[in-house]
Amino acid sequence: MSVIEAGRDDPQAGGPPADGVQDAGAARLEFQAEVSRLLHLMVHAVYSEKEIFLRELISNASDACDRLRYLALTEPALTSDDATFRVVLSVDKAARTLTLSDNGIGMNRDDMVQNLGTIARSGTSRFVEQLSGDSSRDVSLIGQFGVGFYSVFMVADRVDVTSRKAGEDAAWTWSSDGLGGFTVAPAERATRGTTIVMHLKEGEDEWLEADRLRRIVKTHSDHIALPIVLKDAQGEAVINAASAIWTRSKGEVTAEQHTEFYRHVAHAFDAPWATFHYRTEGRQSYAVLLYVPETRPFDLFDPKRLARVKLYVRRVFITDDCEALLPGYLRFLRGIVDSEDLPLNVSREMLQNNALLARMRQAITKRVLGELEKKAEEDPTGYATFWENFGPVLKEGLYEDAERRDQLLKLARFRTTKSGSDAISLADYVARMKEGQEAIYYITGDDAAAIGRSPQVEGYLARDIEVLLLSDPVDDFWLSSVDAFDGKSFKSVTKGGTDLARFALKDGDAPDQPAVREADLATLIVLLKQELGDAVKDVRSSDRLTGSAVCLVADDLGLDMHLARLLRQHRKEQATTGSLVLELNPRHALIAALAGRATKAGASDALADAAHLLLDQARIVEGEPLADPAAFARRLAAVMTAAIA
Ligand code: ADP
Ligand code: MG
């Protein structure tokens, strides 16, 4: 992220300005290209909900106060002159300016150049990525993404930000029209904090009306825990509730207020699908206000698996980066936990092994899973969407959290060969099991629809036995550590032998009679084994197949095929089928013909190409690369020539 600096040769960030700068020490800088695009849209936006700029600025002021309050825990001198955090709004009708001032952490010159000249946060950069240049379409995205500080240029054609960082003496003014870059110049400010002066655009006088401002703050920022003071000709008044939203009783907070708080605390733009708001007292006292987002946050699958729930201690923000607060498989949650018992000076390192926190984590996890169970009953449709969004993350808990495994298995939903695009619970699956069926059958792979068409599933379909279609990467991993649900073990249809013979075929399907003599088949199998050698572990006949001639399956004791493939990809190893079993369909015309030929003279030469083609066919169906594509093409050409000639 670079900012092009003009007018100064050697910028000494934070220090006194260099000589020879224009405007008595003001440096002119350009916005990062992405910011320019964003600002172009802001400046020209015809957007009906411009009022959100105020929410964004107040949200920033509140964050700035939270951050300083935290630093002051270890460095009390930072706030010793003024420990009462607040935000002040004031208007000057004559000058047509609206001013917002806070006594938070403030910014030095470096901070300003970085934070108000580039795009730091992912939400905003997503927004910029989505910009199409068609302004009516782009403007509609503002509401979806929010755009933070830069939204101020929807209402102002010049903005002056004067700030002094807590603990530093120098103050700076950042100034911009939102079009031609910005300037940063030394300034005066008696105390720490940030003041934003908005010179309103022509026609934007509504932001000078006290009533209008009061209503906006009430609508969008009532949840802010700091007093928001409005100063006008009538005097000063606090215009928000100014108490932390989670300290209010459940019935006092409206759905709209929850949405606004969720957006603030999560830096999100959707609404919560579920809200868990409660307080416990007793051995430990804490308040919990957690939200399940409606849509997937952008960083959900980030390998760092960062937790996003904010930890507060007695209303003081401590950290939003506490891994010990909730298990990784609940990382989609947003919101806060506020403890009455943890020490205020708790460091992030101490949190890793804190017994109080460990107990909170236990209790909150249990409660959240319980609430999700309730939601699944009350709102199955909403729950289906929730599962679609966050199921792959929750499933991580199946192997990480043995203690909650049964509860998680109950929450899990799966697509099956019978469920279409819906997903069903394991309880539903068990209720639909066939007479005599003992296992829960599944297949794993990359794509649910594709694995549903796998040859290995054919025999189950033909017998009307339901098979779970598992296509999340995490599925292979939890299956290797979860034995059973409700006493029924999980069994892969791509591994080991089958017990399908016990089940009758559905009416109208192929008769259960091999089209081939046992002895011929046995001879064919011997020939195929000879020809394929180490390329496969075994060759055998199977009742797994109906339409296909062959398929590959894992050996009973080996790794299941999809898991083996994932591990191979991870280790960048070559594909081999040496540990797999090639299964033949004795009812298939091709296998019957080959078996017929196998007992005649010269069979081993005549069937050599066929052996390799069968194996290659099975590989192709698995999506595995061929060991020798050129040989495959040569053999296929030879067989086709013989067939046509
Ligand atoms: P976000 O709040 O999501 O980070 P914004 O565009 O709203 O994005 O703000 C950009 C950054 O500018 C903030 O992250 C913060 O570092 C800085 N900032 C904005 N307003 C203030 C303020 N009042 N006090 C201190 N820093 C601020
Ligand atoms: Mg912000």
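## Overall shape

The chain has a radius of gyration of 33 Å, whereas a compact globule of 645 residues would have one near 26 Å. This is a predicted model. Along the principal axes, the C-alpha atoms fill a box of roughly 105 × 60 × 45 Å. Of the 645 residues, 53% count as buried.

The secondary structure comprises 23 helices and 23 strands. The chain is divided into three parts: domain 1 (20-243), domain 2 (246-381) and domain 3 (415-644). Between domain 2 and domain 3, the C-alpha centres lie 46 Å apart.

## A buried strand and its two hairpins

Strand E6 covers residues 171-176. It is mostly covered: six of its six residues are buried. Ala 171, Thr 173 and Ser 175 point one way from E6. Trp 172, Trp 174 and Ser 176 point the other way. Both sets are buried.

E6 has a partner before it in the chain, strand E5 (residues 156-164). The two run antiparallel and are joined by six bridges. Within this pairing, Asp 160 stands opposite Ser 175 of E6. E5 and E6 form a hairpin with six residues between them. In its turn, Gly 167 has a positive phi of about 90°.

Strand E7 (residues 182-187) also pairs with E6 in the antiparallel sense, over six bridges. Here Trp 172 stands opposite Pro 186 in E7. E6 and E7 make a hairpin too, with five residues between them. Gly 178 sits in that turn, with a positive phi of about 80°.

## A five-stranded open sheet

Another set of strands forms an open sheet in the order E16-E18-E17-E20-E19. Its pairing is mixed. Strands E16 (415-416) and E19 (484-485) are the edges, and each pairs on one side only. In general, strands of a sheet pair through backbone hydrogen bonds, either parallel or antiparallel.

At the E19 edge, the neighbour is strand E20 (residues 488-492). These two pair in the antiparallel sense over two bridges. Ala 484 has Ser 489 of E20 as its bridge partner.

## The largest cavity

How many cavities of 30 Å³ or more does the count give? The count comes to one. The largest cavity has a volume of about 150 Å³. It is lined by 15 residues. Nearest its centre lie Arg 55, Glu 56, Ser 59, Arg 263 and His 264.

Three helices each supply at least two lining residues: H3 (52-74), H7 (210-221) and H8 (255-266). H3 gives the largest share, four residues. By class, the lining of this cavity has three nonpolar, seven polar and five charged residues. Which domains contribute at least three residues each? They are domain 1 (20-243) and domain 2 (246-381).

## The second largest pocket

The second largest pocket has a volume of about 450 Å³. Its lining holds 21 residues, and the closest to the centre are Trp 387, Glu 388, Arg 413, Arg 415 and Ala 423. Helix H11 (380-394) and strand E18 (468-470) are the elements that give two or more residues to this lining. The largest share, six residues, comes from H11. E18 is also one of the strands in the open sheet described above.

The lining of the second largest pocket divides into 11 nonpolar, two polar and eight charged residues. At least three residues come from each of domain 2 (246-381) and domain 3 (415-644).

## Two residues with positive phi

His 267 is not a glycine, yet its phi is positive, at about 50°. It lies in the loop between H8 and strand E11 (272-280). Is His 267 buried or partly exposed? Its relative accessibility is 35%, so it counts as partly exposed. H8, at one end of this loop, is also among the helices that line the largest cavity.

Asp 464 is a second residue other than glycine with a positive phi, near 65°. Its place is the loop between helix H16 (455-462) and E18. Asp 464 has a relative accessible area of 26%, so it is partly exposed. E18, which follows that loop, contributes to the lining of the second largest pocket.

Technical notes
Residues are numbered from 1 along each chain as its sequence is written. Chains are lettered from A and ligands numbered from 1 in the order in which they are written. This is a predicted model: local features need pLDDT of at least 70, side-chain atom pairs count only at pLDDT 80 or more; totals for chains, interfaces and linings use all residues. Side-chain values use heavy atoms; hydrogens and water are left out. Two strands pair if DSSP finds at least two bridges between them. On a 1 Å grid over the protein atoms alone, a cavity is a set of points where a 1.4 Å probe fits but cannot get out, and a pocket is an open set with protein on both sides within 12 Å along at least five of seven lines; lining residues have an atom within 4 Å of a point. Grid points are joined across faces, edges and corners, and a volume is the space filled by probe spheres set on the points. Ala, Val, Leu, Ile, Met, Phe, Trp, Tyr, Cys and Pro count as nonpolar, Asp, Glu, Lys and Arg as charged, and the others, Gly among them, as polar. Domain bounds come from an automatic or database domain assignment. Buried means under 20% relative accessible area, exposed over 50%, partly exposed in between (1.4 Å probe, protein chains only). The radius of gyration is taken over C-alpha atoms; the globule rule is 2.2 Å times the number of residues to the power 0.38.
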